[in-house]
Amino acid sequence: MKNRVKKKRSSKNLKINTRIVLTSVLGIIIPIVIIALFSTAFISTISSYFNFSSVTTNSYSAVNQIQWSQTLSSITYELISDNADEEKLDNLSKFVSPLEELHSLIYVERDSTAFYTSDEDINILELADKLTDIDNNENINYFSSKGLVIVSHAQKDESSPQYRIVIVNEDYIVNDAYQRLSAEKLSNLLLGRTGLIVLIIVLLFVAAISIMSFITTQTIVKPINKIAQGADEIAKGNLDYEIDYNSTNELGQTVESFNDMRLRLKESIEKQRKSEEERKVLVAGIAHDLRTPLTSARGYAEGLRDGIADTPQKRESYIQIICNSIDDTQRILDDLLTVSKLELNGLKLNKIDVNVREFFDDGAQEIKTILDNNGFDFYYENRCDDNLLICIDADRFARVINNIISNSVKYAKEDVKGKVRMIIDEYDKSVIIELADNGIGVDSMSLPKIFDTMYRADPARTKVSQGSGLGLSVCKQIVELHNGSIWARSKNGEGLSVFISLPKKYSDKEI
């Protein structure tokens, strides 16, 4: 059973070019085989009625002509053989005796000297010349109502004797070559054995063509119909339709490409739908986030205008709140502009080789200052080699670090002193930066989305001053422009750890 399945699969995997070649070859071989079988059967059948080894009649026919050719060949081979003259003459008499019984005269000369003659009293050459003009150097096969003349030459090689064979028969009868078959004879021919054989041959050809057409239909047309059906389904919007045809030939490869195209189209449409949803969320989020500081600024400005802030302290407080609201608006717009440039590939990086230890040691001092001002503890450890380099845009990457630190400050626990840990580790091909805090953390449902544009764990978006939801999205896109990757780990209430991986390189001074 397994062998049968294997054979079926292998034939199914034949390439179209191979199928066409096989069809062409079969179209040639099958007729040849049929003709060969028919010829074999015909020769076997006709040999039982006719003897080709010697002439049996003086009446001209196709069979008679074959007999003359066969007899002449036998005489020729005997003359050029290596037998002695006596043996040649003895064998020659065996070949020519049937001809002489039919009143044929045979004359054989060797090097212009008589070697054999049927009747020494008759000049056979003159008799032949009376029937038709003969030339000493020409071969002649003359069949006419006046008689028969055959002249043939034989020589084994240039150093061997040259023989000329002359055969004359004045009693030879030639049938009317233009005699037409009567209707009765034609009918017998068509309805007899010949007609039956012709009919069988025609039926065999029809059967062979029908079989090859069926095979072609099953192996080529059928999968093409499947592809056409699949195209119709996709045109109707059914992107879940999969063409069921497994093969390694050209059609199988076409089906595989077609299914891959369907999946990519489905993925593209899904991505477009998701992008459209994200765009709607982005527009709604930006509108909401901008409205909050603008509303606050407008309210306090109206308070100043209406004289509600009637003391210098109140006026100063109102003005500070207005300035903070403007700063929040400016920060949101800056983040939005950065995201737009990143998504439109409009942000160009100015990457240079920097020493990992020097870059992060200097940055750690600035981070410590910011965290000290916010009452945070800071732990820093750089485990990398002194000569290790990374290729980055220093200003852009510093913004990534600052955005992550700002998130740690914004989402600290109210009743617990904040802590931030920064560890730089070196691996075979990369440098990994870990920034961990002890803040409120992110739940497992929100964790995969924190790097999405406009996503905030605060779904109500009530704390606009704590971020626009663009900071981590900017971090992700900047890191990816550096051929790096960024990810996070967290448990709700147990802080957030952000990891950044960057490709590393060593300086030429390394020993």
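In what order do the strands of the open sheet with mixed pairing run? The points below address this sheet and several other features of the model, which is a predicted one.

1. The open sheet. Five strands make up this sheet, and their order is 7-9-10-12-11, with mixed pairing. The edges are occupied by strand 7 (377–382) and strand 11 (485–490); each has a single partner strand, so one side of each lacks a neighbour in the sheet. On average, and with direction ignored, neighbouring strands of this sheet are turned by 15 degrees against each other.

2. Pairing of strands 10 and 12. Within the sheet order, strand 10 stands next to strand 12. The two, covering residues 430–437 and residues 496–503 respectively, are antiparallel and are joined by 7 bridges. Leu435 has Val498 of strand 12 as its bridge partner.

3. Helices on the sheet. Helix 10 (residues 356–373) packs on the sheet and touches strand 7, strand 9 (419–426) and strand 10. The direction of helix 10 makes about 175 degrees with that of strand 7. Helix 11 (residues 394–410) lies across strand 9, strand 10, strand 11 and strand 12. Relative to strand 12, helix 11 runs at about 170 degrees.

4. Strands 6 and 8. A further pairing involves strand 6 (residues 352–355) and strand 8, which run antiparallel and are joined by 4 bridges. Asp353 has Cys391 as its bridge partner in strand 8. Strand 8 spans residues 388–392, and 4 of its 5 residues are buried, so this strand is largely enclosed by the rest of the structure. Cys391 is itself partly exposed, because its relative accessible area of 32% lies between the limits of 20% for buried and 50% for exposed.

5. Cysteines. The model contains 0 disulfides. Cys323, with a relative accessibility of 36%, is classed as partly exposed. Cys391, at 32%, is likewise partly exposed.

6. Ser104. Where in the chain is Ser104 found? Ser104 belongs to the loop between helix 4 (85–101) and strand 1 (105–110). Is this loop residue buried or exposed? Ser104 has a relative accessible area of 2%, which is under the 20% limit, so Ser104 counts as buried. Once neighbours within four places in sequence are set aside, Ser104 is in contact with Trp68, Leu99, Ser118, Ile167, Val168 and Asn169.

Key: Residues numbered from 1 in each chain as written. Predicted model: local features only at pLDDT ≥ 70, side-chain atom pairs only at ≥ 80, totals over all residues. Heavy atoms only, no water. Buried < 20%, exposed > 50% of the residue type's maximum accessible area, 1.4 Å probe, protein only. Pairing = 2+ DSSP bridges. Axes fitted to C-alpha atoms, helices over the stretch in contact; angles between N-to-C directions. Contact = heavy atoms within 4.5 Å. Disulfide = S-S within 2.5 Å.
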